[in-house]
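This briefing goes through one protein model with a bound ligand. Please keep the sequence and the structure open while reading.

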Amino acid sequence: MKAIPHVSAVKQAVDEAHQRFVHVQDGKNADYIPYLAKVPSTLFGIAVVTVDGTVLEVGDTRYDFAIESISKVFNMALALEDFGPAELRQKIGANPTGEPFNSVMAIELHRGKPLNPCVNAGAMATVSLVKASSADERWNRIHDNMSVFAGRTLSLNEEVYKSEATTNQHNRGIAWLLASYGYMYSDPIEACDVYTKGCSVNITAADLATMGATLAAGGINPVTKKRVIAEANAPKILAEITMNGLYDSTGDWQYRVGLPGKSGVGGGILAVVPGVLAIGTFAPPLDIFGNSVRGQLAAEYLSNQLKLNLFAA
Ligand code: DON
């Protein structure tokens with residue numbers, strides 16, 4: 001396992017990454033969810049939380065933004081707690097689809113199996129799997145779980161939720177398609193709606209780093225010191241996002257950064273160094289795959305400067 005780098009080295013690297021990339025203008029805010037198109041594109045924050053609870057940050061690290069697809073990581077955590085890794089692998093899967101995150105074709109190619117919890121199909125199936133006897137209970141469990149990971153009560157961004165819920169016909173179609181193949185474990189529209197609400201939770205880059213540090217620390221939130229998930233489940237989640245966290249550009253991410261990571265179209269990126277620390281970044285403009293441009297640059301810079309790449313000796 002890698003050692004925790006010295007606090008001053010982390011702070012210096014975080015500051016340098018911010019300075020280097022703050023003026024990069026490549027990429028474009030997501031606009032298929034109307035709210036996201038209006039978020040100021042210049043915002044940029046980088047936060048690091050170590051497994052011993054040290055928090056280092058620079059820039060817009062306390063600005064609330066929509067967690068979007070990064071919620072899939074924490075939905076997976078909850079389903080793992082409820083059912084364990086073997087059942088999750090059988091009911092959802094763990095392999096890349098090779099297709100965009102909202103692909104219908106991927107579902108058809110695999111006779112309905114969603115393949116992994118990081119694509120929309122697998123994320124909605126994962127939400128449907130979470131133990132709950134009503135839509136409210138499903139939402140409360142998903143919301144509470146994300147809050148415990150962050151160490152504070154996260155708010156729902158009602159405007160994002162409304163914006164997504166009125167434009168998510170494609171996801172509703174996916175939910176029904178999964179149901180037709182027997183891969184939905186609750187009412188499909190309930191699962192789609194709770195998934196959409198989960199995507200609309202507000203987080204900050206500092207929250208993201210704390211949530212990731214909880215995974216890096218084997219399931220204990222290093223800031224609150226509370227156990228959030230079983231130690232045995234953390235590596236399953238990190239394995240999953242290592243393979244599928246940045247969708248069909250995950251291979252490029254591993255080549256550049258070499259860490260389990262997860263992106264969201266709200267502009268967040270999470271990167272985790274097991275046993276060491278997590279990085280949370282926020283910068284809204286995205287590349288063509290839906291991943292924050294400056295977030296990827298910052299993670300790559302930190303990985304190189306602090307020698308965090310898991311595939312490097
Ligand atoms: O389901 C959707 O389309 C969004 N709520 C989340 C997608 C997302 O963040 C994909 N990320 N890169």
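The points below cover the ligand site, the aromatic pairs and several single residues.

The model is predicted. In it, 14 residues surround the ligand, and the protein covers 99% of the 340 Å² of accessible area that the ligand has on its own. The count of aromatic pairs comes to 6.

**Ligand site**

- The closest of the 14 residues around the ligand are Tyr32, Glu68, Ser69, Glu164 and Tyr195.
- By class, the shell holds 6 nonpolar, 6 polar and 2 charged residues.
- Glutamate 68 places a polar side-chain atom 2.7 Å from a nitrogen atom of the ligand.
- Tyrosine 195 has a side-chain N or O atom 2.6 Å from an oxygen atom of the ligand.
- For asparagine 171, a side-chain N or O atom is 2.9 Å from an oxygen atom of the ligand.
- With these contacts in place, 99% of the ligand's own accessible area of 340 Å² is covered by the protein.

**Glutamate 68 and its backbone**

- Glutamate 68 sits in the loop between β3 and α3, the latter spanning 71-83.
- Its relative accessible area is 3%, so glutamate 68 is buried.
- Glutamate 68 has a positive phi of about 50 degrees, although it is not a glycine.

**Aromatic pairs**

- There are 6 aromatic pairs in the model.
- One of them joins phenylalanine 21 and tyrosine 301: the ring centres are 6.1 Å apart and the planes stand at 75 degrees, so the pair is edge-to-face.
- Because phenylalanine 21 belongs to helix α1 (residues 7-21) and tyrosine 301 to helix α14 (residues 293-305), this pair ties together parts that are 280 residues apart in sequence.
- Phenylalanine 21 and tyrosine 301 are both buried.
- Phenylalanine 65 and phenylalanine 282 form a stacked pair, with 4.1 Å from centre to centre and 5 degrees between the planes.
- Phenylalanine 65 is in strand β3 (residues 65-66) and phenylalanine 282 in strand β7 (residues 277-282), so the stacked pair ties together parts that are 217 residues apart in sequence.
- Phenylalanine 65 counts as buried because its relative accessibility is 4%.
- Phenylalanine 282 is also buried, with a relative accessible area of 0%.
- Tyr32, Phe101 and Tyr247 form one aromatic cluster.

**Tyrosine 247**

- Tyrosine 247, a member of that cluster, lies in the loop between α12 (234-244) and α13.
- The phi of tyrosine 247 is near 55 degrees, a positive value in a residue other than glycine.
- At 9% relative accessibility, tyrosine 247 counts as buried.

**Glutamine 254**

- Glutamine 254 is part of helix α13 (residues 250-256).
- Its relative accessibility is 13%, so glutamine 254 counts as buried.
- A polar atom in the side chain of glutamine 254 is 3.0 Å from the backbone nitrogen of leucine 259.
- Setting aside neighbours within four places in sequence, glutamine 254 is in contact with Thr242, Leu259, Pro260 and Phe311.

**Glutamate 190**

- Glutamate 190 is found in helix α10 (residues 188-199).
- Is glutamate 190 buried or exposed? Its relative accessibility is 19%, and the cut-off for buried is under 20%, so glutamate 190 counts as buried.
- Between glutamate 190 and alanine 135 there are 6.2 Å in space, C-alpha to C-alpha, and the two are 55 residues apart in sequence.
- Beyond neighbours within four places in sequence, glutamate 190 is in contact with Ser134, Ala135 and Arg138.

**Tyrosine 181**

- Tyrosine 181 lies in helix α9 (residues 169-181).
- Its relative accessibility is 32%, so tyrosine 181 counts as partly exposed.
- Not counting residues up to four places away in sequence, tyrosine 181 touches Ile107, Glu108, Arg111 and Gly112.
- The C-alpha atoms of tyrosine 181 and asparagine 116 are separated by 16 Å, and the two residues are 65 residues apart along the chain.

Note on methods. Residues are numbered from 1 along each chain as its sequence is written. This is a predicted model: local features need pLDDT of at least 70, side-chain atom pairs count only at pLDDT 80 or more; totals for chains, interfaces and linings use all residues. Side-chain values use heavy atoms; hydrogens and water are left out. A residue is near a molecule or strand if one of its heavy atoms lies within 4 Å of it. A polar contact is a pair of N or O atoms within 3.5 Å; within protein, one must be able to donate a hydrogen and the other to accept it, and residues adjacent in sequence count only if both atoms are side-chain atoms. Accessible areas come from the Shrake-Rupley method with a 1.4 Å probe; for residues, only the protein chains shown count as cover. Ala, Val, Leu, Ile, Met, Phe, Trp, Tyr, Cys and Pro count as nonpolar, Asp, Glu, Lys and Arg as charged, and the others, Gly among them, as polar. Helices (H or I, at least four residues) and strands (E, at least two) are DSSP runs, numbered from the N terminus. Buried means under 20% relative accessible area, exposed over 50%, partly exposed in between (1.4 Å probe, protein chains only). Contact means heavy atoms within 4.5 Å. Rings of Phe, Tyr and Trp (its six-membered ring) pair if their centres lie within 6.5 Å; planes under 30 degrees apart count as stacked, over 60 as edge-to-face and the rest as tilted.
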